[in-house]
Amino acid sequence: MTRITMTVDGAQVSDDVEPRMLLVQYLREKLGKTGTVIGCDTSNCGACTVHLDGRSVKSCNVLAVQADGAEVTTIEGLATDGQLHPVQEAFRECHGLQCGFCTPGMIMQSIDLLNENPHPTEEEIRLGLEGNLCRCTGYHNIVKAVQYAAREGASS
Amino acid sequence: MIPARFDYVAPATVEEALAALAEHGDDAKLIAGGQSLLPVLRMRLNAPEMVVDLGRIESLRGVSDDGDAILVGAMTTHAEVGVDPLVAEHAALVAKAITHLADAQVRHRGTFGGALAHADPAGDLGAPVLALGGEFLVAGPGGTRTVAADDFFVDYFTTAVGEDEILTGVRLPKHTGWGAHYEKFVRIAHQWPIVAVAAAVRLDGDTIAEARVGLTNMGSTPLRARAVEEALAGQPATEDAVRRAAELAVEGTNPPSDLNGDADYRRHLAKVLTRRAVLTAAGV
(Lines give C-alpha, C1' and ligand atoms only; values in the text may rest on other atoms or scores of the structure.)
Protein backbone atom coordinates (compact mmCIF):
# COMPACT_ATOMS: atom_id res chain seq x y z
CA MET A 1 0.00 0.00 0.00
CA THR A 2 1.13 3.52 -0.77
CA ARG A 3 0.02 6.63 1.08
CA ILE A 4 -1.43 9.31 -1.19
CA THR A 5 -2.73 12.79 -0.45
CA MET A 6 -4.50 15.02 -2.94
CA THR A 7 -7.13 17.71 -3.21
CA VAL A 8 -10.35 16.52 -4.83
CA ASP A 9 -13.04 19.08 -5.61
CA GLY A 10 -11.55 21.44 -3.05
CA ALA A 11 -11.28 18.94 -0.17
CA GLN A 12 -8.04 17.36 0.96
CA VAL A 13 -8.12 13.55 1.04
CA SER A 14 -5.56 11.01 2.12
CA ASP A 15 -5.61 7.22 1.80
CA ASP A 16 -3.50 4.10 1.64
CA VAL A 17 -4.02 2.57 -1.81
CA GLU A 18 -2.65 -0.27 -3.85
CA PRO A 19 -0.28 1.10 -6.51
CA ARG A 20 -2.39 -0.59 -9.19
CA MET A 21 -5.52 1.39 -8.26
CA LEU A 22 -6.63 3.66 -11.10
CA LEU A 23 -7.52 7.26 -10.37
CA VAL A 24 -11.08 6.67 -11.55
CA GLN A 25 -11.44 3.74 -9.15
CA TYR A 26 -10.10 5.86 -6.33
CA LEU A 27 -12.56 8.64 -7.10
CA ARG A 28 -15.56 6.32 -7.39
CA GLU A 29 -14.86 3.53 -4.93
CA LYS A 30 -12.88 5.26 -2.18
CA LEU A 31 -14.35 8.75 -2.36
CA GLY A 32 -17.83 7.88 -3.67
CA LYS A 33 -17.56 10.40 -6.47
CA THR A 34 -19.62 8.39 -8.93
CA GLY A 35 -20.28 11.44 -11.09
CA THR A 36 -17.11 10.45 -12.93
CA VAL A 37 -18.08 7.37 -14.93
CA ILE A 38 -16.17 4.52 -16.54
CA GLY A 39 -17.12 4.10 -20.17
CA CYS A 40 -14.83 2.04 -22.36
CA ASP A 41 -12.10 1.31 -19.79
CA THR A 42 -9.58 1.34 -22.64
CA SER A 43 -8.73 5.06 -22.61
CA ASN A 44 -10.67 5.70 -25.79
CA CYS A 45 -14.03 7.19 -24.87
CA GLY A 46 -13.19 10.05 -22.49
CA ALA A 47 -16.25 9.52 -20.24
CA CYS A 48 -13.94 9.43 -17.20
CA THR A 49 -12.28 12.79 -17.98
CA VAL A 50 -11.32 14.87 -14.93
CA HIS A 51 -8.92 17.77 -14.44
CA LEU A 52 -5.51 16.93 -12.93
CA ASP A 53 -3.65 20.08 -11.89
CA GLY A 54 -5.87 22.04 -14.23
CA ARG A 55 -5.56 19.91 -17.36
CA SER A 56 -7.98 17.29 -18.67
CA VAL A 57 -6.94 13.64 -18.34
CA LYS A 58 -8.64 10.28 -18.74
CA SER A 59 -8.83 9.09 -15.14
CA CYS A 60 -9.02 5.43 -16.21
CA ASN A 61 -5.52 5.91 -17.63
CA VAL A 62 -3.85 7.44 -14.58
CA LEU A 63 -2.78 5.56 -11.45
CA ALA A 64 -4.03 7.05 -8.19
CA VAL A 65 -0.42 7.08 -6.95
CA GLN A 66 0.57 9.20 -9.97
CA ALA A 67 -1.92 11.83 -8.76
CA ASP A 68 -0.31 12.02 -5.31
CA GLY A 69 0.03 15.69 -4.36
CA ALA A 70 -2.15 16.86 -7.22
CA GLU A 71 -5.34 18.86 -7.42
CA VAL A 72 -8.21 16.97 -9.01
CA THR A 73 -11.51 18.45 -10.18
CA THR A 74 -14.39 16.18 -11.14
CA ILE A 75 -17.81 16.93 -12.58
CA GLU A 76 -19.04 16.98 -8.97
CA GLY A 77 -16.80 19.92 -8.14
CA LEU A 78 -18.06 22.31 -10.80
CA ALA A 79 -21.29 23.72 -9.36
CA THR A 80 -20.93 26.31 -6.63
CA ASP A 81 -23.62 27.29 -4.14
CA GLY A 82 -26.24 25.38 -6.09
CA GLN A 83 -25.36 27.21 -9.31
CA LEU A 84 -24.38 25.09 -12.27
CA HIS A 85 -21.06 25.83 -13.95
CA PRO A 86 -21.68 27.87 -17.14
CA VAL A 87 -20.68 24.90 -19.32
CA GLN A 88 -23.11 22.63 -17.43
CA GLU A 89 -25.74 25.31 -17.94
CA ALA A 90 -24.91 25.43 -21.67
CA PHE A 91 -25.29 21.65 -22.05
CA ARG A 92 -28.71 21.89 -20.39
CA GLU A 93 -29.75 24.90 -22.45
CA CYS A 94 -28.73 23.31 -25.78
CA HIS A 95 -29.79 19.79 -24.85
CA GLY A 96 -26.19 18.65 -25.32
CA LEU A 97 -26.97 15.13 -24.16
CA GLN A 98 -29.20 12.19 -24.91
CA CYS A 99 -28.55 9.27 -22.55
CA GLY A 100 -26.15 11.42 -20.55
CA PHE A 101 -23.43 8.84 -19.99
CA CYS A 102 -20.69 10.71 -21.85
CA THR A 103 -21.79 14.06 -20.41
CA PRO A 104 -19.45 14.33 -17.38
CA GLY A 105 -16.42 13.74 -19.60
CA MET A 106 -17.76 15.96 -22.39
CA ILE A 107 -18.27 18.84 -19.95
CA MET A 108 -14.84 18.42 -18.32
CA GLN A 109 -13.13 18.34 -21.72
CA SER A 110 -15.20 21.29 -22.99
CA ILE A 111 -14.06 23.36 -20.01
CA ASP A 112 -10.43 22.50 -20.73
CA LEU A 113 -10.95 23.38 -24.39
CA LEU A 114 -12.50 26.76 -23.55
CA ASN A 115 -9.78 27.53 -21.01
CA GLU A 116 -7.21 27.11 -23.76
CA ASN A 117 -9.24 28.67 -26.55
CA PRO A 118 -12.13 30.85 -25.32
CA HIS A 119 -13.56 31.41 -28.81
CA PRO A 120 -13.12 28.18 -30.78
CA THR A 121 -14.45 27.63 -34.28
CA GLU A 122 -16.81 24.71 -34.85
CA GLU A 123 -13.92 22.70 -36.28
CA GLU A 124 -11.74 23.50 -33.26
CA ILE A 125 -14.53 22.31 -30.97
CA ARG A 126 -14.91 19.03 -32.87
CA LEU A 127 -11.12 18.49 -32.83
CA GLY A 128 -10.89 19.46 -29.17
CA LEU A 129 -13.54 16.87 -28.27
CA GLU A 130 -11.88 14.22 -30.43
CA GLY A 131 -11.10 12.08 -27.38
CA ASN A 132 -14.71 11.98 -26.17
CA LEU A 133 -17.18 9.57 -27.72
CA CYS A 134 -20.98 9.87 -27.60
CA ARG A 135 -22.57 6.54 -28.40
CA CYS A 136 -25.90 8.27 -28.98
CA THR A 137 -24.04 10.28 -31.66
CA GLY A 138 -25.45 13.46 -30.16
CA TYR A 139 -22.44 15.48 -31.23
CA HIS A 140 -24.37 18.23 -32.96
CA ASN A 141 -25.95 19.63 -29.82
CA ILE A 142 -22.77 19.05 -27.83
CA VAL A 143 -20.94 21.34 -30.26
CA LYS A 144 -23.79 23.86 -29.99
CA ALA A 145 -23.50 23.74 -26.21
CA VAL A 146 -19.79 24.56 -26.36
CA GLN A 147 -20.50 27.41 -28.78
CA TYR A 148 -23.22 28.68 -26.43
CA ALA A 149 -20.85 28.48 -23.47
CA ALA A 150 -18.18 30.37 -25.43
CA ARG A 151 -20.68 33.12 -26.28
CA GLU A 152 -21.70 33.36 -22.64
CA GLY A 153 -18.04 33.71 -21.65
CA ALA A 154 -17.76 30.43 -19.77
CA SER A 155 -13.99 30.57 -19.65
CA SER A 156 -13.89 33.79 -17.63
CA MET B 1 -10.11 -3.98 -15.95
CA ILE B 2 -7.55 -3.79 -13.20
CA PRO B 3 -3.83 -4.40 -13.59
CA ALA B 4 -2.12 -7.27 -11.79
CA ARG B 5 -0.50 -6.32 -8.48
CA PHE B 6 2.82 -4.52 -8.61
CA ASP B 7 5.12 -2.61 -6.30
CA TYR B 8 5.79 1.02 -7.02
CA VAL B 9 8.54 3.54 -6.52
CA ALA B 10 8.67 7.17 -7.65
CA PRO B 11 12.32 8.24 -7.46
CA ALA B 12 13.27 11.92 -7.48
CA THR B 13 16.44 11.55 -9.56
CA VAL B 14 17.66 9.62 -12.60
CA GLU B 15 20.34 7.98 -10.41
CA GLU B 16 17.70 6.62 -8.04
CA ALA B 17 15.65 5.37 -10.98
CA LEU B 18 18.70 3.61 -12.43
CA ALA B 19 19.36 2.03 -9.03
CA ALA B 20 15.77 0.73 -8.92
CA LEU B 21 16.21 -0.79 -12.41
CA ALA B 22 19.51 -2.37 -11.36
CA GLU B 23 17.89 -3.87 -8.28
CA HIS B 24 14.79 -5.30 -9.97
CA GLY B 25 16.15 -6.21 -13.40
CA ASP B 26 13.63 -7.90 -15.70
CA ASP B 27 10.85 -7.56 -13.12
CA ALA B 28 10.85 -3.76 -13.39
CA LYS B 29 9.06 -1.53 -15.89
CA LEU B 30 9.44 2.21 -16.28
CA ILE B 31 6.30 4.34 -16.45
CA ALA B 32 6.44 7.82 -17.98
CA GLY B 33 3.01 9.31 -18.68
CA GLY B 34 1.53 5.82 -18.81
CA GLN B 35 -0.74 6.47 -21.78
CA SER B 36 0.51 3.37 -23.61
CA LEU B 37 1.64 1.31 -20.62
CA LEU B 38 -1.52 1.50 -18.51
CA PRO B 39 -3.82 0.03 -21.19
CA VAL B 40 -1.29 -2.79 -21.57
CA LEU B 41 -1.23 -3.42 -17.82
CA ARG B 42 -5.03 -3.29 -17.58
CA MET B 43 -5.38 -5.85 -20.34
CA ARG B 44 -2.70 -7.85 -18.50
CA LEU B 45 -0.57 -8.14 -21.60
CA ASN B 46 2.32 -7.29 -19.28
CA ALA B 47 2.60 -7.77 -15.51
CA PRO B 48 5.78 -6.22 -14.09
CA GLU B 49 6.44 -6.80 -10.39
CA MET B 50 7.87 -3.33 -9.96
CA VAL B 51 6.79 -0.11 -11.66
CA VAL B 52 9.34 2.72 -11.54
CA ASP B 53 7.60 6.07 -12.06
CA LEU B 54 9.71 8.76 -13.76
CA GLY B 55 7.00 11.38 -13.13
CA ARG B 56 8.69 12.92 -10.08
CA ILE B 57 12.04 13.57 -11.77
CA GLU B 58 11.89 17.30 -12.43
CA SER B 59 15.19 17.36 -14.37
CA LEU B 60 13.57 15.32 -17.17
CA ARG B 61 10.98 18.01 -17.93
CA GLY B 62 11.17 20.94 -20.28
CA VAL B 63 12.71 22.14 -23.53
CA SER B 64 16.01 24.03 -23.60
CA ASP B 65 18.41 25.58 -26.09
CA ASP B 66 21.49 23.40 -26.60
CA GLY B 67 23.59 25.27 -29.15
CA ASP B 68 23.00 23.78 -32.59
CA ALA B 69 20.07 21.76 -31.24
CA ILE B 70 17.18 21.96 -28.81
CA LEU B 71 16.97 19.46 -25.97
CA VAL B 72 13.56 18.00 -25.16
CA GLY B 73 13.42 16.34 -21.75
CA ALA B 74 11.96 12.84 -21.90
CA MET B 75 9.17 13.64 -19.42
CA THR B 76 7.94 16.76 -21.23
CA THR B 77 4.32 16.14 -22.16
CA HIS B 78 3.12 16.22 -25.75
CA ALA B 79 0.96 19.24 -24.86
CA GLU B 80 4.02 21.09 -23.52
CA VAL B 81 6.17 20.22 -26.54
CA GLY B 82 3.33 21.17 -28.89
CA VAL B 83 3.19 24.79 -27.67
CA ASP B 84 6.88 25.28 -26.89
CA PRO B 85 8.36 28.35 -28.67
CA LEU B 86 11.79 26.70 -29.18
CA VAL B 87 10.14 23.69 -30.81
CA ALA B 88 8.02 25.96 -33.01
CA GLU B 89 11.09 27.88 -34.15
CA HIS B 90 13.65 25.10 -34.60
CA ALA B 91 11.72 21.83 -34.95
CA ALA B 92 8.33 22.82 -36.35
CA LEU B 93 7.90 19.35 -37.84
CA VAL B 94 7.59 17.88 -34.33
CA ALA B 95 4.98 20.45 -33.33
CA LYS B 96 2.98 19.69 -36.49
CA ALA B 97 2.99 15.97 -35.75
CA ILE B 98 1.86 16.54 -32.17
CA THR B 99 -1.30 18.34 -33.25
CA HIS B 100 -2.33 14.99 -34.79
CA LEU B 101 -1.16 12.80 -31.90
CA ALA B 102 -3.95 10.97 -30.01
CA ASP B 103 -6.36 13.41 -28.30
CA ALA B 104 -6.12 16.35 -25.91
CA GLN B 105 -6.39 14.30 -22.71
CA VAL B 106 -3.67 11.88 -23.83
CA ARG B 107 -1.44 14.78 -24.90
CA HIS B 108 -1.75 16.23 -21.39
CA ARG B 109 -0.33 13.04 -19.82
CA GLY B 110 1.70 11.31 -22.53
CA THR B 111 5.37 12.22 -22.77
CA PHE B 112 7.84 12.80 -25.57
CA GLY B 113 10.34 10.26 -24.25
CA GLY B 114 7.70 7.74 -23.27
CA ALA B 115 6.15 7.63 -26.72
CA LEU B 116 9.54 7.31 -28.46
CA ALA B 117 10.76 4.60 -26.07
CA HIS B 118 7.47 2.72 -26.60
CA ALA B 119 8.46 2.63 -30.30
CA ASP B 120 5.09 1.79 -31.78
CA PRO B 121 5.78 1.95 -35.55
CA ALA B 122 2.36 3.63 -35.88
CA GLY B 123 3.28 6.27 -33.28
CA ASP B 124 3.35 9.84 -34.56
CA LEU B 125 6.68 11.01 -33.11
CA GLY B 126 9.16 8.53 -34.56
CA ALA B 127 9.05 9.72 -38.18
CA PRO B 128 9.53 13.44 -37.47
CA VAL B 129 12.31 12.84 -34.93
CA LEU B 130 14.02 10.44 -37.34
CA ALA B 131 13.65 12.90 -40.22
CA LEU B 132 15.24 15.70 -38.18
CA GLY B 133 18.15 13.45 -37.17
CA GLY B 134 17.37 13.46 -33.44
CA GLU B 135 19.99 12.26 -30.98
CA PHE B 136 18.75 10.15 -28.10
CA LEU B 137 20.35 10.62 -24.67
CA VAL B 138 20.36 7.32 -22.80
CA ALA B 139 21.46 7.13 -19.16
CA GLY B 140 22.79 3.87 -17.79
CA PRO B 141 24.97 2.47 -15.00
CA GLY B 142 28.10 3.64 -16.84
CA GLY B 143 26.91 7.18 -17.58
CA THR B 144 25.02 8.75 -20.47
CA ARG B 145 25.51 7.75 -24.09
CA THR B 146 24.11 9.25 -27.27
CA VAL B 147 22.26 7.10 -29.80
CA ALA B 148 21.72 8.42 -33.33
CA ALA B 149 18.16 8.39 -34.64
CA ASP B 150 19.10 5.83 -37.30
CA ASP B 151 20.22 3.40 -34.58
CA PHE B 152 17.51 4.06 -32.00
CA PHE B 153 14.55 2.18 -33.47
CA VAL B 154 15.36 -1.52 -33.71
CA ASP B 155 12.07 -3.34 -34.32
CA TYR B 156 8.38 -3.34 -33.31
CA PHE B 157 8.26 -1.81 -29.82
CA THR B 158 12.03 -2.27 -29.50
CA THR B 159 14.71 0.41 -29.18
CA ALA B 160 18.42 0.60 -28.44
CA VAL B 161 17.63 1.44 -24.80
CA GLY B 162 18.80 -1.44 -22.60
CA GLU B 163 16.80 -2.87 -19.71
CA ASP B 164 19.11 -1.14 -17.22
CA GLU B 165 18.93 2.21 -19.07
CA ILE B 166 16.62 5.24 -19.24
CA LEU B 167 15.93 7.57 -22.16
CA THR B 168 16.42 10.99 -20.57
CA GLY B 169 15.99 13.33 -23.52
CA VAL B 170 16.28 13.93 -27.24
CA ARG B 171 18.45 16.54 -28.97
CA LEU B 172 16.74 17.85 -32.08
CA PRO B 173 19.22 19.57 -34.46
CA LYS B 174 17.91 23.03 -35.29
CA HIS B 175 16.02 23.23 -38.56
CA THR B 176 15.29 26.92 -38.26
CA GLY B 177 13.31 28.37 -41.14
CA TRP B 178 12.47 25.00 -42.68
CA GLY B 179 8.92 24.44 -43.90
CA ALA B 180 7.29 21.45 -42.26
CA HIS B 181 4.20 19.30 -42.54
CA TYR B 182 2.88 16.03 -41.11
CA GLU B 183 0.35 14.32 -43.38
CA LYS B 184 -1.57 11.60 -41.56
CA PHE B 185 -4.15 9.26 -43.06
CA VAL B 186 -6.82 7.86 -40.75
CA ARG B 187 -10.38 6.62 -41.17
CA ILE B 188 -11.76 7.78 -37.82
CA ALA B 189 -10.96 10.33 -35.11
CA HIS B 190 -7.92 9.76 -32.88
CA GLN B 191 -6.88 6.60 -34.68
CA TRP B 192 -3.29 5.49 -35.11
CA PRO B 193 -2.17 6.45 -38.60
CA ILE B 194 -2.70 3.88 -41.33
CA VAL B 195 0.27 5.68 -42.91
CA ALA B 196 1.68 9.12 -42.18
CA VAL B 197 4.51 11.16 -43.68
CA ALA B 198 6.64 13.80 -41.95
CA ALA B 199 8.36 16.26 -44.29
CA ALA B 200 10.64 19.25 -43.74
CA VAL B 201 12.12 21.29 -46.57
CA ARG B 202 14.59 24.15 -46.83
CA LEU B 203 13.81 26.36 -49.78
CA ASP B 204 16.29 28.49 -51.66
CA GLY B 205 14.04 30.77 -53.65
CA ASP B 206 11.78 28.41 -55.61
CA THR B 207 14.21 25.50 -55.31
CA ILE B 208 14.19 22.75 -52.70
CA ALA B 209 17.72 22.98 -51.31
CA GLU B 210 17.30 20.13 -48.80
CA ALA B 211 14.49 17.85 -47.68
CA ARG B 212 13.93 15.45 -44.79
CA VAL B 213 11.19 12.83 -45.03
CA GLY B 214 10.09 10.27 -42.43
CA LEU B 215 7.47 7.54 -42.80
CA THR B 216 5.09 6.29 -40.10
CA ASN B 217 3.76 2.72 -40.16
CA MET B 218 5.57 1.58 -43.31
CA GLY B 219 7.61 -1.10 -41.54
CA SER B 220 8.54 -2.41 -38.12
CA THR B 221 10.10 0.96 -37.22
CA PRO B 222 9.70 4.54 -38.37
CA LEU B 223 11.65 4.93 -41.63
CA ARG B 224 13.58 7.69 -43.33
CA ALA B 225 12.79 8.08 -47.04
CA ARG B 226 16.32 8.90 -48.14
CA ALA B 227 15.66 8.19 -51.83
CA VAL B 228 12.96 10.87 -51.79
CA GLU B 229 15.24 13.29 -49.96
CA GLU B 230 18.01 12.81 -52.51
CA ALA B 231 15.63 13.13 -55.45
CA LEU B 232 14.18 16.37 -54.06
CA ALA B 233 17.49 18.14 -53.46
CA GLY B 234 18.01 20.85 -56.07
CA GLN B 235 14.61 20.33 -57.68
CA PRO B 236 12.11 23.13 -58.25
CA ALA B 237 9.31 23.20 -55.67
CA THR B 238 6.66 22.25 -58.20
CA GLU B 239 3.89 19.65 -58.23
CA ASP B 240 5.56 17.71 -61.08
CA ALA B 241 9.02 17.52 -59.51
CA VAL B 242 7.66 16.57 -56.10
CA ARG B 243 5.35 13.95 -57.61
CA ARG B 244 8.31 12.27 -59.34
CA ALA B 245 10.39 12.24 -56.15
CA ALA B 246 7.48 10.95 -54.06
CA GLU B 247 7.29 7.83 -56.25
CA LEU B 248 10.48 6.73 -54.47
CA ALA B 249 8.82 6.78 -51.02
CA VAL B 250 8.31 3.01 -51.02
CA GLU B 251 12.02 2.17 -51.41
CA GLY B 252 13.21 0.10 -48.49
CA THR B 253 9.78 -0.13 -46.84
CA ASN B 254 8.04 -3.25 -45.60
CA PRO B 255 4.52 -2.12 -44.69
CA PRO B 256 2.15 -4.35 -42.70
CA SER B 257 -1.17 -5.70 -43.95
CA ASP B 258 -4.09 -5.48 -41.54
CA LEU B 259 -7.80 -4.64 -41.37
CA ASN B 260 -7.08 -1.00 -42.26
CA GLY B 261 -5.33 -1.87 -45.50
CA ASP B 262 -2.95 -4.27 -47.14
CA ALA B 263 0.69 -3.58 -47.91
CA ASP B 264 -0.01 -2.49 -51.51
CA TYR B 265 -2.56 0.03 -50.31
CA ARG B 266 -0.03 1.41 -47.82
CA ARG B 267 2.61 1.70 -50.54
CA HIS B 268 0.14 3.71 -52.60
CA LEU B 269 -0.64 5.90 -49.61
CA ALA B 270 3.04 6.51 -48.89
CA LYS B 271 3.55 8.02 -52.34
CA VAL B 272 0.42 10.18 -52.23
CA LEU B 273 1.02 11.38 -48.67
CA THR B 274 4.70 12.10 -49.37
CA ARG B 275 3.70 14.32 -52.28
CA ARG B 276 1.13 16.16 -50.16
CA ALA B 277 3.46 16.50 -47.16
CA VAL B 278 6.38 17.86 -49.19
CA LEU B 279 4.23 20.26 -51.21
CA THR B 280 2.56 21.62 -48.07
CA ALA B 281 5.91 21.91 -46.29
CA ALA B 282 7.21 23.86 -49.29
CA GLY B 283 4.16 26.10 -49.24
CA VAL B 284 3.10 25.09 -52.75
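**Sheet, helices and contacts in a two-chain model**

In chain B, helix 1 (residues 14–24) lies across strand 1, strand 2 and strand 3, and runs at about 170° to strand 3 of chain B. Like everything described here, this arrangement comes from a predicted model.

The strands beneath this description belong to an open sheet of three strands in chain B, with the order 1-3-2 and parallel pairing. Strand 1 (7–9) and strand 2 (28–31) of chain B stand at the edges with a single partner strand each, so one side of each has no neighbour in the sheet. On average, and with direction ignored, neighbouring strands of this sheet are turned by 25° against each other. Strand 1 of chain B runs parallel to strand 3 (residues 50–53) of chain B, and three bridges join the two. A handy place to look is B:Asp7, whose bridge partner in strand 3 of chain B is B:Met50.

Turning to chain A, the chain is divided into domain 1 (2–75) and domain 2 (86–151). Taken over C-alpha atoms, the centres of these two domains of chain A are separated by 21 Å. Their contact draws 15 residues from domain 1 of chain A and eleven residues from domain 2 of chain A. On the domain 1 side, strand 3 (49–52) and strand 4 of chain A each supply at least two residues, and the largest share, three residues, comes from strand 3 of chain A. By class, this side of domain 1 has six nonpolar, eight polar and one charged residues.

Also in chain A, the axes of helix 2 (residues 86–93) and helix 3 come within 10 Å and cross at roughly 125°. The two helices of chain A are therefore oblique to each other, and their crossing is right-handed. Helix 2 of chain A contributes A:Val87, A:Gln88 and A:Phe91 to the contact, while helix 3 of chain A contributes A:Thr103, A:Ile107, A:Ser110, A:Ile111 and A:Leu114. This helix contact has five nonpolar, three polar and no charged residues.

Finally, the two chains meet each other: 23 residues of chain A are in contact with 22 residues of chain B. On the chain A side, the elements that give two or more residues are strand 4 (55–58) and helix 3 (103–116) of chain A. Strand 4 of chain A provides the largest share, four residues. The residues on this side of chain A divide into five nonpolar, eleven polar and seven charged. Helix 3 of chain A thus appears both in the contact with helix 2 of chain A and on the side of chain A that touches chain B.

Definitions and conventions:
Residues are numbered from 1 along each chain as its sequence is written. Chains are lettered from A and ligands numbered from 1 in the order in which they are written. This is a predicted model: local features need pLDDT of at least 70, side-chain atom pairs count only at pLDDT 80 or more; totals for chains, interfaces and linings use all residues. Two residues are in contact if their C-beta atoms, placed from the backbone, lie within 7 Å. Ala, Val, Leu, Ile, Met, Phe, Trp, Tyr, Cys and Pro count as nonpolar, Asp, Glu, Lys and Arg as charged, and the others, Gly among them, as polar. Domain bounds come from an automatic or database domain assignment. Axes are lines fitted to C-alpha atoms, for helices over the stretch in contact, and angles run from 0 to 180 degrees between N-to-C directions. Angles under 35 degrees count as roughly parallel, over 145 as roughly antiparallel, 65 to 115 as roughly perpendicular and the rest as oblique. A crossing is left-handed if the near helix is turned anticlockwise from the far one by less than a right angle, and right-handed if clockwise. Two strands pair if DSSP finds at least two bridges between them.
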